[in-house]
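Here's a walk through one model, from the whole chain down to single residues. Have the viewer open as you read.

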Amino acid sequence: ILLLCVSGMRAETARYSVPEEGERGSFVANIAKDLGLTGDQLLARHARLVPEGEKQYFQLNQHTGDLVVREQMDREELCGQSEPCLVRFEVLLESPLQSFRAEVRLTDINDHAPVFLNKEIVLKIPESAMPETRFLLESAHDPDVGNNSLQHYSISSNEYFHVYTQRRNDGRRYAELVLDRALDREQQAEVAFSITAADGGTPPRSGTALIRVVVLDINDNIPVFTRSLYKVSLMENSSQDTLVVVVSARDLDVGSNGEIAYSLFQNSEENLQTFEINPETGRIRLKKPLDYEEKKIYEIDVQATDGGGLSTHCKVEVQVKDVNDNAPEVIITTLTSTLSEAAPVNTVVALFNVRDRDSGDNGRTTCELTGEQPFRITPLAADAYALVTSETLDREQVEEYNVTVRARDEGSPALSASKTLLVRLLDVNDNAPTFTQAIYTMVMSENEPAGRTLGRLSATDPDAGENARVRYTLAPAPTGTLAAASFVSVDAESGTVRSLLPLDYEKVRAFEVIVHAADGGSPPLSAQAVLRVVVQDENDNAPVLLHPPPDSSAAGELMPRWAPSGYLVAKVVAVDADVGQNAWLSYELAKATEPGLFRVGLHSGEVRTARAVTERDAARQRLIVLVRDRGQPSRSATATLTVALVDDFSDAFHQPGHDPASGEQPQVAEEKMLTTYLIASLCCVSSLFLLSVLGWTTNALCKIRARAELHPPSPSCYADGDFASDGVGGTGTLSPAYRYEMCLTSGSGRSEFQLLRPILP
């Protein structure tokens with residue numbers, strides 16, 4: 001990219017000219033035409049001017065491409081006597097980045113007239129001066145240059161002198177007065193005339209002064225300098241009162257005519273402000289420090305005058321040597337103080353120039369950045385640079401940069417200067433919110449009222465402003481699944497989770513919902529987490545009896561009177577829909593006909609005899625068993641058992657109102673009874689194998705005849721339902737496999753039917 005940028009730069013410099021003191025808005029040139037671009041292209045590529053200095057004197061119209069004067073310029077103020085006077089700037093284009101160097105030459109206008117420092121010039125000339133003798137006159141000063149500067153001198157008409165205009169090495173002109181014929185003090189002691197200095201402008205400007213020539217008596221020897229030209233070099237950092245040079249002149253006369261006084265001839269006000277001479281010794285010293293950047297060469301005219309008024313002149317040429325006394329200057333021309341963190345690499349942050357007023361190696365500069373930062377310096381042209389990004393930026397890591405640009409020259413010792421630029425990064429929504437946990441687990445109690453706070457979700461976003469503002473929402477449940485999102489709500493701003501309705505632990509023990517956290521960026525970024533809500537069981541269910549059933553008034557059980565201690569009478573079975581200790585059941589005997597006769601297993605619910613049955617115990621015992629859970633508060637249920645004490649299990653069927661057909665038999669059948677029925681079954685099966693088809697037919701006929709001969713049942717035969725009143729019903733502890741139908745004749749005795757003894761546990 002850098003090679004492409006550099007290859008797009010033009011090496012040549014566009015040159016224009018404009019007169020000084022031009023009005024604001026004055027047309028200079030059409031830059032678009034010179035660059036081969038249209039006004040639309042200039043506008044699209046953000047064309048702008050980057051001045052070499054700190055002040056912008058020109059303005060670019062991006063629509064037309066016209067370069068116009070922005071601020072009135074005085075050539076003498078900007079450049080002094082230097083010629084040409086150039087104002088340099090860069091034309092910067094973007095997309096792609098290109099730079100074009102241009103310079104505008106300020107042409108001088110004749111806005112200054114020559115001025116003599118002294119309005120009256122006094123010359124003392126001896127009457128012995130020979131014709132064609134030349135006398136140096138004080139020069140006039142004109143700040144203009146070229147033809148507009150001082151061009152020639154003239155004097156008013158007189159019979160003794162004419163003027164001759166001379167030119168110095170630096171191009172400035174001075175006047176020499178030439179004697180045309182010999183003076184005679186006795187005839188005319190003083191000659192007066194005017195001198196005029198004129199420039200070459202159109203129209204020309206001029207300045208005048210009065211010359212008074214005082215004719216002196218004869219002093220036939222004039223002072224003579226040892227050298228007509230003194231050349232000396234002086235470092236610009238020389239301090240005040242530094243000795244520059246010593247000039248010396250001799251006069252062959254004696255007495256006052258041989259005494260020499262030295263003075264600086266007033267040919268430049270600047271020389272008089274910079275140098276001074278000792279009139280007796282001829283020592284020239286500095287009155288102020290020199291500055292190579294302001295002036296490099298001084299030409300001083302020194303005059304030696306003897307006591308008789310005769311004088312002579314010599315020149316002193318002072319060449320100022322450069323010293324590395326100027327540190328480089330970093331001049332920021334364009335600065336983007338805020339930069340998007342999404343700015344691509346090579347984005348221009350600032351444009352700046354580096355200027356060093358020194359010359360040679362002292363004026364050559366290099367530029368660098370201090371510290372490790374995502375920026376670099378790209379050279380655009382001589383002493384013009386661009387600060388661009390060198391890598392991608394991330395505001396979340398560094399919010400702002402203090403970029404220090406350091407410029408260093410190649411002098412000895414080297415001088416440097418720094419400029420610090422503050423670059424703030426603008427946030428871009430490049431970070432999604434992040435939950436502090438992937439799964440949030442919260443607990444709510446069963447039957448908890450709506451609106452209760454369960455907890456708080458938390459997601460953070462490292463972005464700033466609206467890009468970091470996080471809002472929470474619940475994701476809708478998939479079709480066909482539990483609508484868990486209707487159970488809780490999430491506050492969009494704070495992430496607080498609240499219940500929406502009471503829940504039943506027995507129906508919903510836990511549920512999960514997806515929570516989204518989205519920021520306020522455009523487009524918004526989001527993240528998700530799982531919210532798991534566990535319902536905590538409450539003791540809201542009482543124990544439920546399975547045996548005996550709760551709808552029966554009393555469950556009947558049979559127990560022989562000979563039952564020993566620990567005999568299993570019955571077992572109470574109950575369940576609780578709750579969990580944990582809310583479902584831990586305990587059994588206890590709440591009430592009994594004979595409290596000391598029975599006991600109930602605390603955890604098993606088994607009803608057993610606490611002692612052996614005695615003759616004094618009632619034949620019918622009523623027990624109330626309390627079933628209680630361990631919840632807070634606890635819930636309970638009761639079971640009622642009726643126990644009949646019998647001498648033998650057959651007695652139960654001889655008791656009035658006892659019906660064996662409708663009720664269930666005792667809990668356990670005797671082993672002998674089971675064996676008898678098994679033998680009978682085997683006999684029947686054997687008979688079936690022995691009988692043939694004829695046997696089956698005969699047997700069928702015999703059965704028909706046998707049934708016809710049987711007597712009808714006696715009224716004393718027990719019918720269905722007679723046993724129900726005795727409490728021996730379907731809720732007994734005997735298995736339904738031991739229920740039998742039976743019918744006895746009226747003449748049947750006790751010995752004809754016996755119940756087998758139950759198997760004791």
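What follows goes from overall make-up to the core, then to a few local features.

## The chain overall

Keep in mind that this is a predicted model. The chain runs to 761 residues, and 42% of them are buried. Strands dominate the count: there are 51 of them, alongside seven helices.

Contacts reach well along the sequence. Taking those in the chain with a separation of 6 or more, 69% are between residues 24 or more positions apart. As for the surface, about 40100 Å² is accessible, and carbon and sulfur atoms account for 51% of that.

## The largest nonpolar core

The largest nonpolar core is made of 27 residues, and Val-28, Phe-58 and Phe-89 have the most contacts inside it. Seven elements are listed as giving it two or more residues each: strands E1 (14–19), E2 (27–30), E4 (58–60), E5 (66–69), E6 (86–93) and E7 (98–107), plus helix H2 (31–35).

Phe-58 is a good place to click. Setting aside residues up to four places away in sequence, Phe-58 touches both Val-28 and Phe-89, the other two residues named for their contacts in the core. The rest of its contact list takes in Val-18, Leu-49, Leu-67, Val-68, Val-69, Arg-70, Met-73, Val-87 and Val-104.

## Cysteines

A search of the whole structure turns up one disulfide. Cys-79 and Cys-85 are the partners, with their sulfurs 1.9 Å apart. The link is right-handed, at 65° about the S-S bond, and both of its cysteines are buried.

Why doesn't Cys-684 bond to Cys-683? The sulfur of Cys-683 is the closest cysteine sulfur to that of Cys-684, but the two are 6.9 Å apart, so they're too far from each other for a bond.

## A buried glutamate

Glu-317 deserves a look. Glu-317 sits in strand E25 (residues 311–321), and this glutamate is buried without a salt bridge. Which side chain of opposite charge is nearest to Glu-317? That's Lys-231, at 4.3 Å. The salt-bridge cut-off is 4 Å, so a distance of 4.3 Å doesn't qualify.

Lys-231 is also among the residues in contact with Glu-317 once neighbours within four places in sequence are left aside. The others are Leu-229, Tyr-230, Val-232, Ile-297, Tyr-298 and Glu-299.

## Cis peptide bonds

Two spots to check involve prolines. The peptide bond from Ser-522 to Pro-523 is cis, with omega near -5°. Pro-523 lies in the loop that connects strand E41 (510–518) and strand E42 (526–536).

His-547 and Pro-548 are likewise joined by a cis peptide bond, here with omega at about 0°. You'll find Pro-548 in the loop between strand E43 (544–547) and strand E44 (555–560).

## Positive phi outside glycine

His-46 isn't a glycine, yet its phi is positive, near 50°. The residue lies in the loop from helix H3 (39–44) to strand E3 (48–51). His-46 is partly exposed, at 44% relative accessible area.

Asp-383 also has a positive phi without being glycine, with a value near 65°. Its loop lies between strand E30 (375–381) and strand E31 (384–389). Is Asp-383 buried or partly exposed? Its relative accessibility is 37%, so Asp-383 counts as partly exposed.

Technical notes. Residues numbered from 1 in each chain as written. Predicted model: local features only at pLDDT ≥ 70, side-chain atom pairs only at ≥ 80, totals over all residues. Heavy atoms only, no water. Core = buried A, V, L, I, M, F, W, Y, C linked by side-chain atoms within 4.5 Å. Buried < 20%, exposed > 50% of the residue type's maximum accessible area, 1.4 Å probe, protein only. Helix = DSSP H or I, 4+ residues; strand = E, 2+ residues; numbered from the N terminus. Contact = heavy atoms within 4.5 Å. Areas by Shrake-Rupley, 256 points an atom, 1.4 Å probe, with all protein chains shown as cover. Lys, Arg positive; Asp, Glu negative; His and termini not counted. Disulfide = S-S within 2.5 Å.
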